[in-house]
Structures are given as C-alpha cells and as structure tokens.
Amino acid sequence: MLPISELVEPDRVHHTVYTDPEIFDREIENIWEKAWIYCGHESQIPNRGDFYTVQIGKQPMIMVRGKDNNIHVLYNRCPHRGTQLCGARSGNTGSTFVCSYHAWTFNLDGRIKGIPMAHGYDGTRMGYDNPSCSVKTAARVEAYRGFVFASLKHDGETLEDFLGEARIAFDDMCDRSPVGEVEVVPVCHRVIQHSNWKFFMENQLDALHPSVTHQSTGIAAGRIEQELKKKGETPPLYYHYLSTFASSFEKWDSVQTVNLPLGHGILTGYMGLRPDDQDTKEYVQAMYKAYGEERAEEYLGRSIHHVLVYPYLSVQSSLQQLRCLRPISANKTMSEIWHFRLKGVSTAIYRRSLWYYNLVNSPSTMVNADDLENWARGQRGLESDGGDWVSFHRNYGSDTIEDGVTYSSTGMSEGVMRSQFSAWSKYMEGSS
Ligand code: FES
Ligand SMILES: [Fe+2]
C-alpha cells in the first residue's frame, strides 16, 4: 500500500483507494470503528427491552432500550464463549438477554445477571465481580434529536462537534413537524451495491450527473407533467420529484455545495414542495400555530437538497429520507434506506415522503437503479489496468475556503470529492 500522501493528491486520487482490501481494512480501523456511527432512531426501540441490531465497522452491535429508558449499544457477543446474543434483526428481549448456548443472562445495559451453576467458576478468574463477564458496550453513545450514534473509541470529539454544521440535517427534518419530532417508519429497504462506499458519498452531491444519468426518467415524467397541464389538470407532486432530475445543466450548476470539515457537505437547492393545495395549507397553518409565522417560514423555506454526514449518511431532510452505508468489503457496500414521519401532520403530507422514498430511493426506483449501475461499472473500471488515477479536476482552484468550509464556485464543481478526500486522508493518517 502506498503512503496516504501518494494515494491522494489535491486534484486526483489513486484508483486503489476504491479497490485495495488492505486500504479497506485500514478504513474500518481508522474511520468506521473510530468515528460516531449512526445506529438508528430512538423510535425504533420505544419500549424497555426493544432491540435493533446494527453493524458498526466490522462489529455486530445491539441498540437496546434499557430498564432506565436509556439507550445502550452493546457488542452482540456473549462474554462466555462468544455466541451472538441476538440472532434476530430486531425484537423485544424482555428484561434480560439470555445466551442461547449456556444460558448466561445479562441486564439490558450488558451487566452480567446470572451464570447457571456458577460454583463451577469458584477459584477461577470468572465470576460476577469480573467486568469481563459482562457484555462489552460501545465506548460512547449519544443522540441528537432522537437520532442515536455510537463510537467504539473512548477519545475524540463529542457527537455535536463531530456533526458540526451537518446537524442541520436533523434540525431541518424535525423542525418541519409542528411538534419538532419525527418517528421512523419501522421497515427500511436494504440494497447491496457492488462498489466501494465512496461512490455513493461522491454521487450524492454530484450535481453534474442527474441530467445525464437520470435523463430518461426525468424527461418521461416531465412529458406527462406537461400533458396534464395542457389538459388543465394539476400534475401530482410525484411527477415533479422525477422530472426535476432532468433539469438543465445550467440549473444544476446554479446550486451550491458547502463542503464542511470532516467531509460532511450540504447541497443547497429546494425542490419546490409547497404546492397550493388544501393539504399544504392546513400543514402550513399547523406550523404557524406551533412556531409563529416568522419561524415557521424560516423552517419551511430552508434551501436544502441533501446533507451528507461523512462517511456514511445522506439525509434529504425536507422529505424525511435518510440513507446509511454499512461497508462490507472494498467492492461491496450495503445501504439502509429509511424514511420518517413528521409527527403531528396529516397522512396526506406523510404520503409525499413515502412517494419520494419509493420513487427515488427504493430498490425498485428507476432513479437509484441508474446510480447503482454507474457505481458498479465504476468499480469494474477502477479494478482494471486501464489507468491509475481518478480525476477530480473540475473547477479545481476556484473554490472559496473560509473557516475550514469550502464553498464550491458552481454546483458541478468536484470540490465535493476533493473535500471528502481531504477528510479521508486525515482519518487514514490518524490525525482526525
Ligand atoms: S457462549 Fe453464551 S453462555 Fe456460553
Ligand atoms: Fe443519481
């Protein structure tokens, strides 16, 4: 493996950062098992004993609601001989975890509760007083507005410092509810992409690709929108979700990317989600009542398309969508695709989120499917001997940097990728 400084140059990166298993293992160690990683939303485990299993780096973990109502994140490993405590993805374990092998039992915070025939350990190092007989816990667990994160390392920045300005993802999502909260729709889609996780992160703020990759879908939807308008009908909002992908290059270029420290980023540009209909009017009135007109307008008028929490989250807050990456190997990545309900709003407003979820982000969508195809082809290309470098030269030299934040000169700048690789290098060199 080449030194990091030889893999990442300011305007290009070596192809092996997408393909080399040794580099992938180092990413797991220096990034995924070190940074704050999203586990889930607290509404996934509303009751005592509810659990949801989650992967952090290569570690199988359990997010569980404790007796004290606090959320704990434990390694899914029995301290006796290593058996995974939870075989199911989610469920309720009651007041105790019981290992299926020899029936050691554990409290919901992981502490040892019972060892059958415990006298067998008399005179050994094992016993109730030995902390290594309890389930190991994640070093740190914190939540921000109901979104739960864990870090496997004791040292490092707080969750709030890690998220930095990318906190707006969760603020924008929750503030759109008149009660300031969202709840998860309990089932997510899971997609395996046959490509490195970086393809996903780069693509989310790549404003050059939609008009090309998603042209066929966008143009078809736009055509129907026009036909309905000609007939004097109002096209349903979901056509707009799709037709907007075929916006002109000029339009996509006019958005801006804000590239934050640690690789996070924001793509500005709102998608015009305030149609003039009765459902929207009622929703806006509920927001006015909750927050007053000025603040409600501030919340509803935020101009955000995507927020990235590097290296694994893509949040479309205005439509309550969240996608989370769980890397499997250098050339295989799982994404979880979640959506949320704004609390205190009508089903009609919720349906807008559901439409977007199914039409744009689900495995059956024509939009995401095109992206997945590009990334798989990208992976195969980068695994070949057809070239050593990946180019990120677009608009190089014209970004503006203020207080560690890089503002792209145009929406289509590859400043996004340059910023992500700057963060990647710091993580990989151990300086982040
Ligand atoms: S492996 Fe869990 S009780 Fe033995
Ligand atoms: Fe795309």
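**Aromatic pairs**

I searched the whole structure, a predicted model, for aromatic pairs and got 20. I looked up Y38 and F149 among them. Their ring centres lie 5.5 Å apart and their planes meet at 65°, so I logged the pair as edge-to-face. Y38 belongs to strand β3 (residues 37–41) and F149 to strand β12 (residues 147–151), so this pair ties together parts 111 residues apart in sequence. I checked burial for both. Y38 is buried at 1% relative accessible area. F149 is buried too, at 0%. I then followed the rings outward: Y38 and F149 share one aromatic cluster with Y144, F147, F170 and F340.

**Domains**

I took the domain bounds next. Domain 1 is 37–151; domain 2 is 165–207 + 255–428. Their centres, over C-alpha atoms, are 31 Å apart. I found 15 residues of domain 1 in contact with 19 of domain 2. The two domains bury about 1,500 Å² between them, with 61% of that on carbon and sulfur atoms. Which residues of domain 1 lose the most area to domain 2? They are Y38, R145 and F147, together 39% of what that side buries. Y38 and F147 were already in my notes as cluster members.

I counted two salt bridges between the domains. R145 also turned up in a salt bridge with D171, at 3.1 Å from N to O. That led me to a network of salt bridges linking R145, D171, D172, D175, R176 and R302.

**Other salt bridges**

The structure holds 17 salt bridges. I looked at K198 and E27, which meet at 2.6 Å, N to O. K198 sits in helix α5 (residues 197–204) and E27 in helix α2 (residues 21–32), so the pair ties together parts 171 residues apart in sequence. Buried or exposed, I asked of K198? K198 is buried, at 2% relative accessible area. E27 is buried as well, at 0%.

I moved on to E336 and R326, whose side chains form a salt bridge at 3.2 Å, N to O. E336 is in strand β20 (residues 332–342) and R326 in strand β19 (residues 321–329), 10 residues apart. Both count as buried: E336 at 5%, R326 at 3%.

My last bridge was D399 with R418, closest N and O atoms 2.9 Å apart. D399 lies in the loop between β21 (389–391) and β22 (400–402), R418 in helix α14 (residues 415–428). R418 is buried, at 10%.

**Charges over rings**

I went back to K198 and found it over the face of Y18, 5.4 Å from the ring centre. I also noted R12: its charged end sits over the ring of W389, 3.7 Å from the centre.

Note on methods: Residues are numbered from 1 along each chain as its sequence is written. Chains are lettered from A and ligands numbered from 1 in the order in which they are written. This is a predicted model: local features need pLDDT of at least 70, side-chain atom pairs count only at pLDDT 80 or more; totals for chains, interfaces and linings use all residues. Side-chain values use heavy atoms; hydrogens and water are left out. Rings of Phe, Tyr and Trp (its six-membered ring) pair if their centres lie within 6.5 Å; planes under 30 degrees apart count as stacked, over 60 as edge-to-face and the rest as tilted. Helices (H or I, at least four residues) and strands (E, at least two) are DSSP runs, numbered from the N terminus. Buried means under 20% relative accessible area, exposed over 50%, partly exposed in between (1.4 Å probe, protein chains only). A charge sits over a ring if NZ of Lys or CZ of Arg is within 6 Å of the ring centre and within 35 degrees of the ring normal. Domain bounds come from an automatic or database domain assignment. Contact means heavy atoms within 4.5 Å. Buried area is the accessible area (1.4 Å probe) that two parts lose on being put together, summed over both. A salt bridge is a side-chain nitrogen of Lys or Arg within 4 Å of a carboxyl oxygen of Asp or Glu.
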